[in-house]
Amino acid sequence: MFLQLLLSGIAFGSLYALIALAMVIIYKTSEVPNFGQGEMAMLSTFVAFMLLDTYGHSFFVSFLGALVFAALLGVFLEFVFLRRAKDPNILSLILITLGFEMILYGVASWKWGADQRDLSFPVSDFDLVNIGPAVISYLNLATLLVALVLMVLLFLFFRYTKVGIAMKATQQNPMAARINGIRVNRILSVTWAMSSTIGAMAGMLLAPVATLDPNLMLEPLLKGFASAVLGGMTTLVGAALGGYMLGIIENLFGGYVSLEFKSIVAFGIIVLVLCFRPSGLFAKHYVRKV
Amino acid sequence: MNEAFFSVENLCISFGGLMAVDHVSFSVSKGFIFSIIGPNGAGKTTIFNCISGLYKPSSGSIIFQGEDITGLKPHRIATKGIARTFQNIELFSRMTTMENLMLGRHIHMKTGVLSGATFFRRGSRAAKEEIRHREYVEKIIDLLDLQSARNQFVGSLPYGTQKLVELGRALALEPKLLLLDEPSAGMNSEEKQDLVFWIKDIQDELGVTILLIEHDMKMVMDISDRVLAINFGRPIIEGVPDVVQRHPDVLKAYLGEEETIGNAS
Amino acid sequence: MDMKRDYYEDIQLLDSKVLWFWFLMLVAALATFPFIAPTYYVYMANYMAINVIVTIGLNILVGYTGQISLGHAGFFAIGAYGTVMLMSLLHFPFLLALVAAALIAAFFGFILGLPALRLEGPYLAIATLGFGMAITQVIGRWELFGGRMGVEAPALSFFGIPVMTDLGRYFVTATIAFIMVLGARNLMKTRVGRAFIAIRDSDIAAETMGVNLVYYKTLAFAVSAFYTGIAGGLFAFLLGFISPSTFNFILSIYFLAFVIVGGLGSIFGSVMGGIVMTWLLLELDKIQELPLIGGMLISFSENFMTVAGLPNISSIIFGLIIVLLVIFEPLGLYGFWIRTKIYWKTWPF
């Protein structure tokens, strides 16, 4: 029982971790928690659905198409709206992304209504693999693996590629980065594209488990955001760990205490953690200087 | 010597192993102007932050009027009668000058949520209190020549005027001890002259004891009764201006070479 | 420029005979309006009054104190459920139940304000968001509150006079809203309001000037929650029926949108924001009935989108309004108002 709960907790946790990573990547460069992240992923997932279902393309074409769409959407939103904010403070940035959320949600529900659809996925949610006394579905296994591979890729990207290092530099000190010849605006575009793509990946992995409708990402986004906050909005590793922790704790709570209040416990824990570590578990807390 | 009006004893504070303030002690007599000088990063503002409660000292104590105020919350320290200004102006930029100064009266007022929300008559308690304190603030506005800025948002005022508004806000608290953190920074020489004049006024007429951090040596030497020089968080010497000015270590810390400070400013 | 002779003139609401005249005219207009307007518009006015109260409440927190809240739907729910429950279970009279429920909301606001003391930006956003979610979840799963199915509001009577129609409710709602607007305005002009604004502009300076941050930050949450709670209680009677799904995350964002559109840190702006946005919200629900655009939208929907999803266009428009306003007019309607006023004062130059 425990192992089973742990395992499915990790599977869900990897989805949260992906969303948390997507948010943190943006937060570190743009200093904005992107509330539009969920709907960006939802819309991209619908694009995959459309390519697959309406136009009859193969799964991988649709999947790639959706990822490209996600990247373009991210670049578009950052370039057209966020960059125009005159005097950006944290509140107005949050509000702009909340605005994205509403716009994208509106577009998706206008186009696809509230009908629930199935995203046909080549990996089954019903066939199970035995791991010791516990079982895991192929889909969950795939989710786990995709998340792990992505994290490794991200790590390598930030460690070894020129763009990755430039991004890290921009995150730490935009002014110094600019002086050193890094095109900060271009880095921002790349950041949003990357983040949006990762989010879309999470959306498409989630869609077969949940049902595909415009509300698909509402709760996962909040959980992903909560994970990022739990781990600390400024650390990629922390955010990923936060995702896994949240998935596991939530599932254990659901299994042993109360399934009904499963989704509240997440926020309860976060509020508690924040009381003691105001910048999350794995991030340093900075105090403003006078 | 009888008990000092305000004293700091063996004050230490460290940030991540670095001693920002290292065993600093001094005491100030009532009605004096006491200056702290030292090069940038010597820990002057950190001492102020400890006094006003923004930082908790690692060790040492701060005694005000015979009472240990070490580690109290900033607002508690304010109610004891210690007000301050900031090196980089910390005004309420989207309030008018008047409102900024009225906030300085905060600890002397009582109006709460209910009485504040429900004053509809001239005779109500909240309105009466508001009027009484506005009269007091008006005196400070007159004193500092701020009439023209009275109803302007302070964010749009020139730098020198903003510094004055900050001084006025601190005065509105009716402090017994006033901490001024580089009050003349960014002012032109004319404004500086006025400032010296006002600081003297505050000392003489209002009887306020003043702790001053200032880089303008001429000003420091002119108005201070006592001067403390520090470097790397450690005290070098404390004494009357003339003595401190000539102390070789002070010269070295400040200029890195042998030259009189008077010529440098 | 007129000369002031007395400090009271600085703080009083109506400092000239002309303003008094307009003030009385406004009261008279508000009092006669429901007798001549069609019922639907009276209903709309009630809705507006309620949203004005929420907007002011949220503005006190977001615009004046500089904290963020994505969980105000939670306080709204507490106000609504609290009022209904206190009336139907404990047989409180309406006004007492309303105030008691709002005080409960204020208490929750105080509780939420405690972690908020140490949190900033995104961290505060997620904490308040979690609070809002938790409230609706708990209400939705607790049988006492009617669970997912919701509860019906009891019959409303005001000092023994039964209030059954939109017209009757108008007098209750509009009067309360009117008083609360004036109250907020007074509050912001006096000591407590100044402390809130001071915390927003520079919490460090506020602290060193003697403002107790713990007290005033939690107080801001409590006052804000109180306003929202009152609005929630009135809302229960406007709909006559409440269920947990009404008080979702989107509602919290709508409230924020009202504040932004009206203008951060302006009571008058909040009044405008609440009124204009409520109108927009209700009008957008029947956008397909608009003369020219309606037909175009329907045929567009038929060809490219879905007709069933057409009402969601309001979400798109709301989102666009938020984004564009934040980018181009951060002061919202209040900013427009100020600029128009200056324009006419200096016209034709």
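How many Å separate the centres of domain 1 of chain B and domain 2 of chain B? Taken over C-alpha atoms, the answer is 28 Å. The model is a predicted one, and chain B is a handy place to start reading it.

Chain B splits into domain 1, made of residues 1-81 plus 175-265, and domain 2, residues 96-172. Where the two meet, 17 residues of domain 1 of chain B touch 11 residues of domain 2 of chain B. About 1,100 Å² gets buried between these domains, with carbon and sulfur atoms giving 78% of that area. No salt bridges turn up here: the count between domain 1 and domain 2 of chain B is 0. Polar contacts do appear, with 2 residue pairs found across this domain interface, both residues of a pair being at pLDDT 80 or more. On the domain 1 side, α2, β7 (177-181) and α7 (189-204) of chain B each chip in at least two residues. The largest share of that side comes from α7(B), with 5 residues. Sorted by class, the domain 1 side holds 11 nonpolar, 2 polar and 4 charged residues.

As for how far chain B can be trusted, its mean pLDDT is 88, and 95% of its residues reach 70 or more. Within chain B, confidence peaks in β6(B), at 95, and bottoms out in helix α11 (residues 261-264) of chain B, at a mean of 47. Residues 258-265 of chain B stay under 50 in pLDDT, and the model gives this stretch 10 contacts beyond four places in sequence. Where pLDDT is low, the predicted coordinates should not be read in detail.

Next comes the meeting of chain B with chain C. This contact draws 43 residues from chain B and 34 residues from chain C. Together the two chains bury about 3,500 Å², 65% of it on carbon and sulfur atoms. On the chain B side, B:His75, B:His106 and B:Phe119 give up the most area to chain C, together 18% of what that side buries. Chain B and chain C also share 2 salt bridges. One of the two joins the side chains of B:Arg94 and C:Asp201, at 3.2 Å from N to O. Across this interface, 11 residue pairs are in polar contact, with both partners at pLDDT 80 or more. Several elements of chain B supply at least two residues each to the side facing chain C, among them α2 (74-79), β6 (82-84) and α3 (97-104). The top contributor is α5(B), with 6 residues. That side of chain B breaks down into 20 nonpolar, 9 polar and 14 charged residues.

Chain C has a contact with chain A as well, taking 50 residues from chain A and 50 residues from chain C. Here the buried area is about 4,300 Å², and carbon and sulfur atoms give 79% of it. In chain A, the residues losing the most area to chain C are A:Leu95, A:Met102 and A:Trp110, together 20% of what that side buries. Between chain A and chain C the salt bridge count is 0, while 2 residue pairs are in polar contact, both residues at pLDDT 80 or more. Helices α4 (90-112), α9 (218-231) and α11 (262-276) of chain A each bring at least two residues to the side that touches chain C. The most comes from α4(A), with 19 residues. By class, this side of chain A has 33 nonpolar, 10 polar and 7 charged residues.

Conventions. Residues are numbered from 1 along each chain as its sequence is written. Chains are lettered from A and ligands numbered from 1 in the order in which they are written. Side-chain values use heavy atoms; hydrogens and water are left out. Contact means heavy atoms within 4.5 Å. Buried area is the accessible area (1.4 Å probe) that two parts lose on being put together, summed over both. A salt bridge is a side-chain nitrogen of Lys or Arg within 4 Å of a carboxyl oxygen of Asp or Glu. A polar contact is a pair of N or O atoms within 3.5 Å; within protein, one must be able to donate a hydrogen and the other to accept it, and residues adjacent in sequence count only if both atoms are side-chain atoms. Helices (H or I, at least four residues) and strands (E, at least two) are DSSP runs, numbered from the N terminus. Ala, Val, Leu, Ile, Met, Phe, Trp, Tyr, Cys and Pro count as nonpolar, Asp, Glu, Lys and Arg as charged, and the others, Gly among them, as polar. pLDDT is the predictor's confidence in each residue, from 0 to 100. Domain bounds come from an automatic or database domain assignment.
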